[in-house]
Structure formats: C-alpha cells, structure tokens
Amino acid sequence: MAETLIPDRRDWKTARAALRTLLRNGDDTTQVFVIMRALNAGNGKRNYARLVRSFEGGEIAFAQIELADTLSDPAYIASFKPGTVGAAYRDFLAATGYSAMGLAEVSNLDKAEVPMRHPYAWFGRRIRDTHDIWHTLTGYKADETLGEACLVAFSYAQVGGLGWAFIAVGAALKSIVVTKRLAFARAVWEGYRSGRRAAWLAGEDYPALLNEPIAAARTRLNIGEPIAYRRAQATLGALASYASPVNAPA
C-alpha cells in the first residue's frame with residue numbers, strides 16, 4: 001500500500017511547542033511554518049476541491065504553475081505597467097527586500113517538508129507564494145508585526161486552516177499583554193472580517209490579476225480600506241512592530 005505523505009491529522013503538541021518558541025523569539029519565522037504543517041491537516045484537500053469546482057479553477061489546477069518561479073523572474077516583475085497590482089507588488093519587493101523564492105526557502109528551513117508533485121501540496125505552495133501579493137492587495141505591511149497578524153487573520157478567513165487562527169490569536173493575546181490596549185487585537189479581528197467579505201483570492205488567475213489596475217482589483221475583490229488597522233498603527237506607533245509570534249519572512 002502506498003505511504004501517506006499528506007498529513008491528515010493535527011499535531012497539537014508540535015504546534016504548542018512551536019508557538020512557545022515563537023513567543024520567546026518572534027524572529028524565528030520557521031516556527032510559523034511548523035505550526036502551519038501541524039494544524040492545517042486536510043486544508044489543502046478542501047481548498048483544492050473548491051478550486052476545481054469551477055471551469056477557470058480547473059484550468060488553473062491543470063496548469064499547476066509554480067508561482068515562486070514565475071514571481072522570481074526579474075523580467076516578469078519589471079513588465080507590469082504603473083498602477084497595476086503587479087507594479088504595486090514590484091514596489092513591495094523593492095521596499096522590503098523580500099522575494100517569492102526567499103519565502104519558499106524560509107518555509108522549509110527545518111527540512112521537514114518533502115517536495116512533491118501532488119495537487120494538495122501544490123495548492124499549499126500557491127497560498128505561500130501569493131502571501132506577499134495579498135499584503136499588496138490588503139495594504140497590510142509585511143515588515144510590521146501588526147500587518148502580518150492582520151494578514152494571518154485575513155488568510156484564515158479566506159482558506160481556513162487552524163494554523164492561521166492559532167497564530168492570529170496568539171499575536172492578538174500577546175499584544176494585549178505587551179501594549180495594554182485592544183487596538184492591535186481589534187485590527188486583527190478586522191483582518192478576519194475583511195477576509196470573510198472578500199472574494200476568494202486563492203481562486204484568482206494571478207497573471208491576469210497582476211496586470212489589473214490595483215484600485216479596480218480591490219473593488220472587484222471587495223477588499224476595503226483597513227480602518228481599524230490604520231487606527232492601530234497611529235495609536236500604537238512603534239508598538240505595532242513589537243516582537244511577537246508573527247514576523248515577516250525575508
């Protein structure tokens with residue numbers, strides 16, 4: 001009988017240990033992906049099934065493009081016209097120094113993930129590789145703990161997976177202890193609600209989306225202005241980037 005390589009059970013012991021490590025050292029980004037692997041069991045299967053229910057999603061799944069490769073091509077990134085999602089993503093990469101391939105590498109620094117050509121594994125990589133495009137669309141900063149926590153909550157609303165929820169709740173609870181205020185937690189809750197209202201980003205045709213004017217894309221996808229997030233940034237100032245269980249991968 002073939003060995004099962006796609007986990008189908010949640011590993012709460014590993015997730016709790018990883019979260020404790022992350023709470024002690026917010027720069028240990030590897031623990032984020034340990035938590036994801038431990039708690040997101042079955043998530044790829046459910047989301048892949050949703051993707052292939054539509055004709056367009058079926059085409060995307062059949063093509064199985066590895067977006068980390070595409071998004072790491074300098075000529076491709078340079079090709080986007082001003083005002084498009086792709087141009088905003090290009091500006092994001094330039095400002096942060098991040099890259100799609102860098103995110104792919106940091107996601108498996110512990111070498112726990114076995115690369116495989118499997119539909120569910122491919123879908124997981126698709127979510128990982130579009131993470132910074134979601135930052136660009138939502139306006140949540142990636143080099144700031146508050147922005148990362150909000151996008152984690154947004155991502156949980158979009159694709160499920162208890163790993164996202166575990167990290168978002170951990171960040172929100174720690175923020176209350178550190179800041180003695182609720183502004184951070186309210187912004188995280190807003191991120192979740194925004195993810196619930198928005199169109200399903202995992203099903204988007206990303207080559208087409210990247211060439212779309214960003215204002216039109218946000219309207220079409222029902223991604224509104226993050227009011228509580230902006231308020232928390234102004235209220236907390238430097239505390240918006242305190243060391244927490246969420247730090248942007250380089």
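What follows looks at the overall fold of the chain and then at two glutamates in its loops.

The model is a predicted one, and its secondary structure is all about helices: the chain has 16 of them and 0 strands. Of the 250 residues, 52% come out as buried. Sequence-distant pairings dominate the contact map, in that 76% of the contacts between residues at least 6 apart in sequence join residues at least 24 apart. As for the outside, the accessible surface adds up to about 12300 Å², and carbon and sulfur atoms account for 57% of that.

Turning to the loops, glutamate 204 sits in the one between α13 (183-197) and α14. Its relative accessible area is 13%, so it counts as buried, the cut-off being under 20%. Leaving aside residues up to four places away in sequence, glutamate 204 touches Ile60, Arg126, Leu209, Arg220 and Leu221. Two arginines, Arg126 and Arg220, thus turn up in that list, alongside Ile60, Leu209 and Leu221.

Glutamate 212 is found a little further on, in the loop that links α14 (206-210) to α15 (214-220). This residue is buried too, because a relative accessible area of 15% is under the 20% limit. With residues up to four places away in sequence again set aside, glutamate 212 touches Gly83, Thr84, Val85, Ala217 and Arg220. With arginine 220 there is also a polar contact, side chain to side chain, at 3.0 Å. Arg220 therefore appears among the contacts of both glutamates, 204 and 212, where a contact means heavy atoms within 4.5 Å.

Methods
Residues are numbered from 1 along each chain as its sequence is written. This is a predicted model: local features need pLDDT of at least 70, side-chain atom pairs count only at pLDDT 80 or more; totals for chains, interfaces and linings use all residues. Side-chain values use heavy atoms; hydrogens and water are left out. Helices (H or I, at least four residues) and strands (E, at least two) are DSSP runs, numbered from the N terminus. Buried means under 20% relative accessible area, exposed over 50%, partly exposed in between (1.4 Å probe, protein chains only). Accessible areas come from the Shrake-Rupley method with a 1.4 Å probe; for residues, only the protein chains shown count as cover. A polar contact is a pair of N or O atoms within 3.5 Å; within protein, one must be able to donate a hydrogen and the other to accept it, and residues adjacent in sequence count only if both atoms are side-chain atoms.
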